[in-house]
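Open the model in your viewer and set the cartoon to show helices. The stops below go through helix contacts and then ring contacts.

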Amino acid sequence: MSNIFITGSADGLGQMAARILINEGHNVLIHARSDQRAQEAYAMLPGAVGVLSGDLSRIKDTILLADSVNKFGKFDAVIHNAGIGYRELNRGNTVDGLPEVFAVNSLAPYLLTALINKPERLIYISSSLHFHGDKTLEDLTWQKKRWNGFQAYADSKFHNLLLSQATARFWPWILSNAVEPGWVSTKMGGAEATDDLAQGPVTQAWLASSSSKEALVSGCYFYHQQARIFNPKAADHECQEVFLDACKRITGVAMPVSRGL
């Protein structure tokens, strides 16, 4: 039995992964962006050990969420599932002056990774669209570029893969991997999605809990429980450091890279 925390588990793939893990007998802590959504999520997943709320578009709220997670004790796995899709027509402007896609998809998993007590496994939800992400990492917050929702989403999925690769490098005792769940017909994916919805949550749940040798790996990119080739730029140490340094400047929170932190 494992203790597992899943962000963005009020609906969609996060809720589906939580249900799989709860049904397997694991202790699952779920998350939603608001108190009302948290109550609704808990009603849908009554077997969860608890539910936390926190708006991941806000730096302060994300920091507070990490503190709340730590009060539950040490987790065996954290699934960074929360995300905004590729249909955002406008940059948006969070309370911190950031595009919401970047704040939720990229910055929140950075902050939670830095601040939550280190689990044994980290799982980041990426996408095949990471291949289209901007590898230059210029103007991450879209202050100069003309807004493009599809590109912003693709960028964020590359950032998630960068995080998985960086954490696998920093903490070799942690199993850190990225998952491509496929284009599935969730609220985010839309009705025209062509991949198998039932398979969408399986790999992240498997990586969070399985004792099979295929799951006990690190630094990999998975699709339907199979390791896949990913953009090699994500494994570039300099590229990782550029992204992490930018996140540190924006949030004021550094990624702890020393052993034991």
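Begin with α4 and α7: the two helices are roughly perpendicular to each other, because their axes cross at roughly 95 degrees and angles of 65 to 115 count as roughly perpendicular. Bear in mind throughout that this is a predicted model.

To find the pair, select residues 100-115 for α4 and residues 237-251 for α7; the axes come within 10 Å. Now show side chains. On the α4 side, pick F102, S106, L107, Y110 and L111. Facing them in α7 are F243, L244, C247, K248, I250 and T251. Colour this contact by residue class and you get eight nonpolar residues, two polar and one charged.

Keep α7 on screen and add α5, residues 149-170. Here the axes of α5 and α7 again come within 10 Å, and they cross at roughly 110 degrees. α5 and α7 are therefore roughly perpendicular to each other. For the α5 side of the contact, select F158, H159, L162, L163, Q165, A166, R169 and F170. The α7 side consists of H237, C239, Q240, E241, F243 and L244. By class, the residues of this contact divide into eight nonpolar, four polar and two charged. F243 and L244 of α7 deserve a label, as they appear in the contact with α4 and also in the contact with α5.

Next, hide these helices and select residues 12-23, which form α1, together with residues 202-209, which form α6. The axes come within 9 Å and cross at roughly 45 degrees. α1 and α6 are therefore oblique to each other. Rotate until one helix lies in front of the other: α1 passes α6 in a right-handed crossing. The contact is built from L13, A17, I20 and L21 on α1, and from V202, Q204, A205 and S209 on α6. Six of these residues are nonpolar and two are polar, with no charged residue in the contact.

The last stops concern rings. Bring back F158, which you selected in the α5 contact with α7, and add K135. The charged end of K135 sits over the ring of F158, at 5.2 Å from its centre. Then move to W142 and K145. K145 lies over the face of W142, with a distance of 4.0 Å from the ring centre.

To finish, how many aromatic pairs does the structure hold? Select the aromatic side chains and look for six.

Definitions and conventions:
Residues numbered from 1 in each chain as written. Predicted model: local features only at pLDDT ≥ 70, side-chain atom pairs only at ≥ 80, totals over all residues. Heavy atoms only, no water. Phe/Tyr/Trp six-rings, centres within 6.5 Å; stacked < 30°, edge-to-face > 60°. Lys NZ or Arg CZ within 6 Å of the ring centre and 35° of its normal. Axes fitted to C-alpha atoms, helices over the stretch in contact; angles between N-to-C directions. Helix = DSSP H or I, 4+ residues; strand = E, 2+ residues; numbered from the N terminus. Parallel < 35°, antiparallel > 145°, perpendicular 65-115°, else oblique. Left-handed = near helix turned anticlockwise from the far one by under 90°. Contact = heavy atoms within 4.5 Å. Nonpolar A, V, L, I, M, F, W, Y, C, P; charged D, E, K, R; others polar.
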